[in-house]
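Colleague: Please take a close look at one part of this model, beginning with a single side chain and the helix that carries it, and then connect it to the other places that you would want a computational chemist to examine.

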Amino acid sequence: MRLSIKAKLSIFISCTVLLALLMHMIVNYYTTKSKLTEEIEQRMRVTAQQIDISVKQARHAAQLLDEQLAEKLYVASVHIASKLPPDIEDVRDGQLTELSKELRISHISLLSEVDNGQDIVVKKSSDGKEMGLSTKKWSYWYTAFQQLLKTGQVTVSEGQKFHNFWAGPIDRSSSDPDYNDKWGYYYDHKRNYIINPYLRNESIQSFFDTKRIKELTEKTKETQANVLEITAFNPQTIGKGPKVTRRSDGQSIIRPEDSVILYGSHEYEHALDKKYVHEAMANESVFVECKVDGGYVLKGFYRMQDKKPYVLTIVMDGQALASTLHDQLMQSIAVGIVLLEIVLVGSYLLAGMLIRPVQAIVQKVNMISVGHFSTRLNVERKDELGILAARINAMARNLNMSTDKMRTLYEENRTIKEQLESFINQSNDAIHVNDLSGRVQRVNQAFVDMFGWSMEDVLDMPLSNIPEQVLEEELEAEQLLRSGQNIGARETLRLTRDGRLLDVSVSTSPIYNERGECVAWASIIRDMTSRKRMEELLRRSEKLTTVGQLAAGVAHEIRNPLTTLRGFLQLQQQTKHLNSGHVNMMLSELDRINLIVSEFLILAKPQAVRFQPKDVRIIMGEVMSLLDSQAHLLNIGFVKRFSEDVPLVECEENQLKQVFINVIKNAMEAISDGGKVELSIDSSDEGNVIIVIEDNGIGIPQDHLSRLGDPFFTNKEKGTGLGLMVSQRIIHNHKGTFDIMSEEDCGTSVTIRLPAIDNSQARSRDLVVINKMK
Ligand code: ADP
Ligand code: MG
């Protein structure tokens with residue numbers, strides 16, 4: 001889903017506010033909770049203290065009443081003593097009841113010593129249930145009676161003590177345990193019995209049961225909202241159960257101060273109450289929140305100071321607190337929702353206001369992106385958006401300008417490219433571009449026309465248009481190109497698709513990428529066939545010129561012997577006599593003419609040339625046998641040194657014979673008498689057959705060496721000066737070399753080198769071609 005910035009911004013603001021509200025709610029919830037709890041705890045503490053004070057006051061009142069009752073019993077005792085006889089036996093039946101009524105006390109009993117002071121028993125009483133009660137096992141009570149009988153002064157700790165009188169604490173009635181009674185004991189040493197009046201009424205009763213305290217706690221519960229229960233724990237007995245006291249009369253009783261619950265109820269019992277009580281004893285107070293019977297309550301445990309310190313526990317309804325908190329939470333959530341809505345709307349409007357210029361900018365940028373640069377952005381602001389708008393305006397202007405410039409450049413570029421394309425395609429020279437591995441990347445139409453391969457045939461393939469005979473030189477050229485040398489145009493041969501050989505001029509140049517690395521080769525191939533033809537024509541016309549020139553020379557050369565011939569013939573015509581000497585002279589002159597003409601014909605007449613592989617040694621052998629007789633005549637010896645292993649030579653046999661004859665004849669002519677001509681043939685030079693013709697004749701002067709081979713240069717009387725020239729030309733046509741070395745008076749040596757046909761080499765070339773094809 002795509003959200004606009006506006007939506008995002010308003011969502012962001014709302015989220016932030018929501019977060020803040022949530023934080024506020026949480027903080028508020030907890031502070032309120034702790035505040036409320038603290039307040040409740042405070043209230044509990046106060047309540048506990050109030051209850052404690054009330055209970056203590058009640059006790060104090062009970063104490064006062066107890067003392068008042070003791071006083072009353074004392075006064076009653078003194079009065080009873082004055083009314084009763086000193087001997088118990090003299091007391092009348094009914095007298096005690098009468099006195100009780102008169103003194104407004106419950107009952108009167110009389111106790112006296114029996115069994116020689118071993119026991120003190122009730123001898124007479126207005127209460128029938130008291131009669132005969134033994135007091136021997138009444139612990140301190142019995143002690144108190146004995147002290148009273150002896151000294152009239154009681155020292156046991158409890159009760160009120162007056163002279164001859166002692167009143168014990170309010171206690172459960174011995175004769176009727178359902179009642180709490182207040183007793184008094186009087187003995188004035190004037191009689192044989194102790195007077196024992198006692199009081200039993202509601203007021204006494206109410207003081208000593210928990211009713212009053214219950215009322216108190218009930219009232220507190222009523223007045224203090226949410227107080228559920230008040231319990232006073234006895235830290236001594238909690239967990240152990242109440243302490244049971246066995247009384248002298250054999251009854252087991254639990255004194256109020258020995259029970260677990262001193263007052264109040266304990267319905268909201270919790271498993272950890274005992275622990276909390278002990279903690280409160282140690283730390284003064286403990287406040288806990290807990291669940292009791294599924295209800296949420298707050299419990300405060302407070303240590304209260306008394307004769308024996310105890311723990312007062314207030315249980316409060318936690319539900320009220322929870323519902324207060326809940327209400328408050330609900331309230332703040334409601335407020336939060338309203339606030340959030342306001343913020344949402346507000347932030348949406350605000351974001352809209354903030355975003356408006358951005359939208360204008362976006363629109364403008366959209367227009368720029370589709371190529372409209374002209375409209376101007378009007379954002380009248382000084383903030384970042386204003387700056388942005390200004391920059392975008394500037395950018396649009398610049399873009400407009402650059403786009404225009406680019407358009408012009410593109411047009412220029414296109415024109416240049418088109419020109420280049422048309423140049424390449426219209427060119428009469430074949431052009432092909434190869435990558436570095438030799439695969440063709442493109443060729444032009446002229447290439448297709450020239451070689452016969454279509455573009456599809458050669459694209460991404462290596463070219464196979466290099467004939468075997470130029471493969472080596474092509475490899476060399478490629479090596480030179482790769483090493484970065486410029487080799488210029490080279491004349492070579494190429495094969496067409498249908499196997500025709502083309503004379504071509506190839507110029508190859510590297511194509512560099514923008515980093516200056518060579519990535520491809522572009523070759524321009526010009527078909528040189530027509531030029532070759534032209535050259536041939538030229539050469540032929542040149543030859544004709546040469547022949548023309550020669551003809552002049554030849555004419556001149558021939559004129560002399562012809563003049564001589566004419567002279568002799570004229571003379572013979574006149575004399576009518578055939579002089580044999582003259583005939584010889586005429587024949588010699590005719591031979592000379594023949595010689596000149598035949599040599600001239602070699603030059604002038606285009607002979608049918610057929611190159612064939614031949615063994616030079618055989619050709620040389622034939623020439624030697626041809627010249628052998630003449631040599632013999634001149635006393636010249638031939639020394640033959642032919643090497644065993646001489647390769648064949650691609651040659652025109654007759655032409656080579658002509659060369660050998662010319663050179664050997666020159667050698668023979670240079671030798672005066674008894675000389676020798678050495679003929680050696682070998683292949684010591686790799687790939688060449690070397691023919692050396694050496695004589696020990698007169699040699700050639702230094703200054704003539706450079707002129708050898710010029711037409712008609714001769715030092716001989718009957719020489720033509722054409723032999724060397726013709727020989728050199730023939731050797732050149734055989735792609736060989738022709739060198740003359742000579743020393744005057746020592747001899748001359750002619751070295752002819754002819755390229756040999758090497759079968760093994762031919763094989764290895766085939767291999768190279770195969771490799772290249774791969
Ligand atoms: P020609 O033999 O008709 O003079 P060539 O062209 O054969 O014409 O030789 C030109 C000249 O070179 C000769 O006249 C001769 O002076 C010189 N020459 C050629 N071969 C030898 C040689 N073996 N020894 C000395 N001179 C030579
Ligand atoms: Mg010669």
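**Helix H1 and its surroundings**

Modeller: Lysine 8 is partly exposed at 48% relative accessible area, where buried means under 20%, exposed means over 50% and partly exposed lies in between, with a 1.4 Å probe and protein chains only. This is a predicted model, in which local features need pLDDT of at least 70, side-chain atom pairs count only at pLDDT 80 or more, and totals for chains, interfaces and linings use all residues, while side-chain values use heavy atoms and leave out hydrogens and water. Residues are numbered from 1 along each chain as its sequence is written, and chains are lettered from A and ligands numbered from 1 in the order in which they are written.

Lysine 8 belongs to helix H1, helices being DSSP runs of H or I with at least four residues and strands runs of E with at least two, numbered from the N terminus. From lysine 8 to phenylalanine 162 the C-alpha distance is 96 Å, across 154 residues of sequence. Isoleucine 5 also sits in H1 and is likewise partly exposed, at 48%; its C-alpha lies 21 Å from that of arginine 391, which is 386 residues away in sequence.

Is serine 10, a further residue of H1, buried or exposed? Serine 10 is buried, because its relative accessibility is 4%. Apart from residues up to four places away in sequence, serine 10 touches Leu344, Ser347, Tyr348 and Ala351, contact meaning heavy atoms within 4.5 Å.

Proline 85 is placed in the loop between helix H1 (5–83) and H2. Proline 85 and arginine 191 are separated by 106 residues in sequence, yet their C-alpha atoms are 7.7 Å apart, and Arg191 appears among the contacts of proline 85 together with Asp90, Val91, Gln95 and Tyr193, once neighbours within four places are set aside. Further along, arginine 104 occupies the loop between helix H2 (95–103) and strand E1 (107–114); with a relative accessible area of 68%, arginine 104 is exposed, and although not a glycine, arginine 104 has a positive phi of about 55°. Most residues other than glycine have a negative phi. Glutamate 284, too, has a positive phi, near 80°, and lies in the loop between helix H6 (273–283) and strand E13 (285–292), where it is partly exposed at 46%.

Helix H12 (residues 529–575) holds glutamine 572, which is buried because its relative accessibility is 11%. Beyond four places in sequence, glutamine 572 contacts His577, Leu578, Asn579, His582, Val583 and Met586.

For the ligand site, 20 residues surround ligand 1, of which Asn666, Thr714, Asn715, Lys716 and Thr720 come nearest; a residue counts as near if one of its heavy atoms lies within 4 Å. Helix H15 (653–670) and helix H17 (723–733) each contribute at least two residues to this shell, and H15 gives the most, with four. An oxygen atom of ligand 1 is 2.7 Å from an N or O atom in the side chain of lysine 716, and an oxygen atom of ligand 1 lies 2.6 Å from a backbone N or O atom of asparagine 715. Glycine 721 has a polar backbone atom 3.1 Å from an oxygen atom of ligand 1. Of the 520 Å² of accessible area that ligand 1 has on its own, the protein covers 92%, by the Shrake-Rupley method with a 1.4 Å probe.

Two cysteines deserve a remark: cysteine 518 is partly exposed, with a relative accessible area of 24%, whereas cysteine 651 is buried at 1%. The model has zero disulfides, a disulfide being a pair of cysteine sulfur atoms within 2.5 Å.

As for confidence, the chain averages a pLDDT of 84, and 91% of the residues score at least 70; pLDDT is the predictor's confidence in each residue, from 0 to 100. Over residues 761–774, pLDDT stays under 50, and the model has 17 contacts there beyond four places in sequence.

Notes: Polar contact = N/O pair within 3.5 Å; in protein donor to acceptor, adjacent residues only side chain to side chain.
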